[in-house]
Amino acid sequence: MKPITVTLAQLDFTVGAIRRNADTIISTLQEQSASDIVIFPELALTGYCPEDLLFRDDLAQRMRPELQRIADAAVDNLAVVGHPQRVGSELFNSVSVLYRGKVLARYHKQRLPQYGVFDEQRYFIPDHKPCVFEWEGHRIGLLICEDIWHPEPIAQLRDQADWIVAINASPFEVDKHSQRVHVLQQRVSEVKLPIVYVNNCGGQDELVFDGHSIVMAADGTIVAELPHCLPCCQSVRIEASGWTALPSNCEQPELNRVGEVYSALVLAVRDYVRKNGFQSVLLGLSGGIDSALTLAIATDALGADKVHAVMMPFRYTSQMSVDDAAQQARTLGVKYDVISIEPVYNSLMAQLEPLLAGTTPDITEENLQARSRGVLLMALSNKSGSLVLSTGNKSELAVGYCTLYGDMCGGFSPLKDVPKMLVFELSRYVNRHQEIIPQRVIDRPPSAELAPDQKDEDSLPPYEVLDRIISLYVEQDWAPSAIIDAGFEHDDVLRVVRLIDINEYKRRQAAVGPKMTSRNFGRDRRYPITSHYRYELERQTTEGKHEKN
């Protein structure tokens, strides 16, 4: 077995940019000319996941010459590249080993995930055959992503391969990396073979691929671990005496759990903005914690010169909010403007007065404030070409504590899958080296400031309680009765569950935002808008020992 060098190309590929993705692969092969094998992620050629682009006949026509171009460019090293492959009427999720114009080996994915954010059985056909190719005396087995989460595909390679290559497009969620390490250690313990696990790294709509690729030895130890949310290449030397990570520029300060979430949010914003052709972003800076955190993320993602913050005060906006918003904008060096919504609101109310005469002020007037702000932001967006970032968090979106066509306006929602308590943790993380977000923004009770002395907890349970109920009901599918039996207040549970159920229509109209938790509102959780199932749940919950309210 000849000593060889293998490079993990943990790079950022864009869905549909087939020629540009091929260019990236070819330039990487050239840059890594000293490497014997360069490994790219799952569906690197098309980006993951092309979704219904895979149904297009012209997709294969576009891919075919680019795949050949990669094969022709693989002169000094082998290219291991993920791509869709049509065979007759069947479409496979495949990986090809390319060298000097030829396909040395090709493997079709066996396990197609059909859960959560994954919908691969809609597009691909599963295969059942293992694939091992030989190079310089090495017998190398191939797997693709979901294959590694099951024991059977790798078991086929136990007696045929010396080590395994697994290419992946595994999206981020909190604690996902530790899950991957555990699964890899389990597979290694079963077959006693090293695994080279290469993951995609970049944002794609509501998914964030966090990289964090791994080379794991046959005894379960980690030989090399690539950074979180940082596209880069890492090489390892494979010799009879062992596997060694070679020096690289893949360096990143160690991140804690909250730091990983923050880095994923920054990557999500950066890629969504740039891949969709925007040069800058715009957001409403209220003086509250959600918009403060969104501003920090946007600035880290794009640079201060690409961010415009707008404070839109009203008669209920506190001076503290005005001062804190201005202070953060100065600290970050972003463009900052103040536009009062008072004239806009008054004009709208004057037009509505004949129709609203004799009615009592209620949420209608509160929502009109938020919608006035939305109109201003969208006008500025149209004129400047900047993308509006909405600033709401998962807790608010869950219970409908947000206004359609108001604070929900925007093209991307960074905090859409970030619960409120995590918003506080992330804000403290932002301030770990210096005060970016004014401390009193973090410390004071959250308020929408749509009415005098308004506090979020006037309408909602404390966020510590609210977030736990949301997690159990939305992310873990607990029945309301089970949540109550776990010790939560009966009235809190029924109120929160009812709000979650009846606000599905709002969430369908919300901007896309990056997945951070185990189940987001979007691809992960697909509930009907028109549904009476909630009433049945309420009856079950209140039967017997609980009195119905």
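# Notebook: looking around a predicted model

I began with Glu-120, which, leaving out residues up to four places away in sequence, touches Glu-42, Tyr-48, Asn-93, Lys-109, Leu-112, Pro-113 and Gln-114. I note at the outset that I am working with a predicted model. I looked up where Glu-120 sits, and I found it in the loop between β5 (102–108) and β6 (132–135). Is Glu-120 buried or exposed? Its relative accessibility is 1%, and because buried means under 20%, I entered Glu-120 as buried. One of the residues it touches is Tyr-48, and there the two side chains make a polar contact at 2.6 Å. Another is Asn-93, which is 27 residues from Glu-120 in sequence, while the two C-alpha atoms are 8.7 Å apart in space.

**The whole protein**

I then stepped back to the whole protein, in which I counted 17 helices and 19 strands. The radius of gyration is 26 Å, close to the 24 Å that the globule rule gives for 549 residues, so I wrote the protein down as being as compact as a globular protein of that length. Along the principal axes, the C-alpha trace spans about 85 × 60 × 45 Å. Of the 549 residues, 57% are buried. I also looked at how contacts are spread along the sequence: among those between residues at least 6 apart, 71% join residues at least 24 apart.

**Asn-168**

Next I turned to Asn-168, which has its place in strand β8 (residues 163–168). Its relative accessible area is 0%, so I recorded Asn-168 as buried. Which residues is Asn-168 in contact with, once neighbours within four places in sequence are left aside? I listed Pro-41, Glu-42, Cys-145, Tyr-197, Val-198, Asn-199 and Asn-200. I noticed Glu-42 in this list, having already met Glu-42 among the residues that Glu-120 touches. Closer along the chain, the side chain of Asn-168 reaches the backbone oxygen of Ala-166 at 2.8 Å.

**Helix α4**

I checked the length of helix α4 (residues 176–191), whose 16 residues should span 22 Å at 1.5 Å a residue; the end C-alpha atoms are 23 Å apart, which agrees. Which residues of α4 are buried? I found Lys-176, His-177, Arg-180, Val-181, Val-183, Leu-184, Arg-187, Val-188 and Val-191. Seen down the helix axis, these buried residues fall within an arc of 165 degrees, so they line one face of α4. I then asked what the buried residues of α4 pack against, and the elements I found are α3 (151–155), β9 (195–199), β11 (207–210), β12 (214–216) and β13 (222–225). Just after the helix, Lys-192 takes a positive phi of about 55 degrees.

**Cysteines**

How many disulfides does the structure hold? I found one, formed by Cys-232 and Cys-250, with their sulfur atoms 2.2 Å apart. The torsion about the S-S bond of this pair is about 125 degrees, so I noted the disulfide as right-handed. Cys-232 lies in strand β14 (residues 232–239) and Cys-250 in the loop between β15 (242–245) and α5 (257–275), so the pair ties together parts that are 18 residues apart in sequence. Both partners came out as buried, Cys-232 with a relative accessible area of 7% and Cys-250 with 11%.

I went on to Cys-49, which is buried at a relative accessible area of 10%. The closest cysteine sulfur to that of Cys-49 is in Cys-145, 11 Å away, and this is too far for a bond. Cys-229 is likewise in no disulfide, the nearest cysteine sulfur being that of Cys-201, 5.8 Å away. I counted Cys-229 as buried, with a relative accessibility of 9%.

**Ser-263**

My last entry concerns Ser-263, which lies in helix α5. Its relative accessible area is 18%, and since the cut-off for buried is under 20%, I entered Ser-263 as buried. Which residues does Ser-263 touch, not counting those up to four places away in sequence? The list I wrote down is His-228, Cys-229 and Leu-255, and Cys-229 in this list is the cysteine that I had noted above as being in no disulfide.

Notes:
Residues are numbered from 1 along each chain as its sequence is written. This is a predicted model: local features need pLDDT of at least 70, side-chain atom pairs count only at pLDDT 80 or more; totals for chains, interfaces and linings use all residues. Side-chain values use heavy atoms; hydrogens and water are left out. Helices (H or I, at least four residues) and strands (E, at least two) are DSSP runs, numbered from the N terminus. The expected span of a helix is 1.5 Å times one less than its number of residues. Buried means under 20% relative accessible area, exposed over 50%, partly exposed in between (1.4 Å probe, protein chains only). The arc is that of the directions from the helix axis to the C-beta atoms. Contact means heavy atoms within 4.5 Å. A polar contact is a pair of N or O atoms within 3.5 Å; within protein, one must be able to donate a hydrogen and the other to accept it, and residues adjacent in sequence count only if both atoms are side-chain atoms. A disulfide is a pair of cysteine sulfur atoms within 2.5 Å. The radius of gyration is taken over C-alpha atoms; the globule rule is 2.2 Å times the number of residues to the power 0.38.
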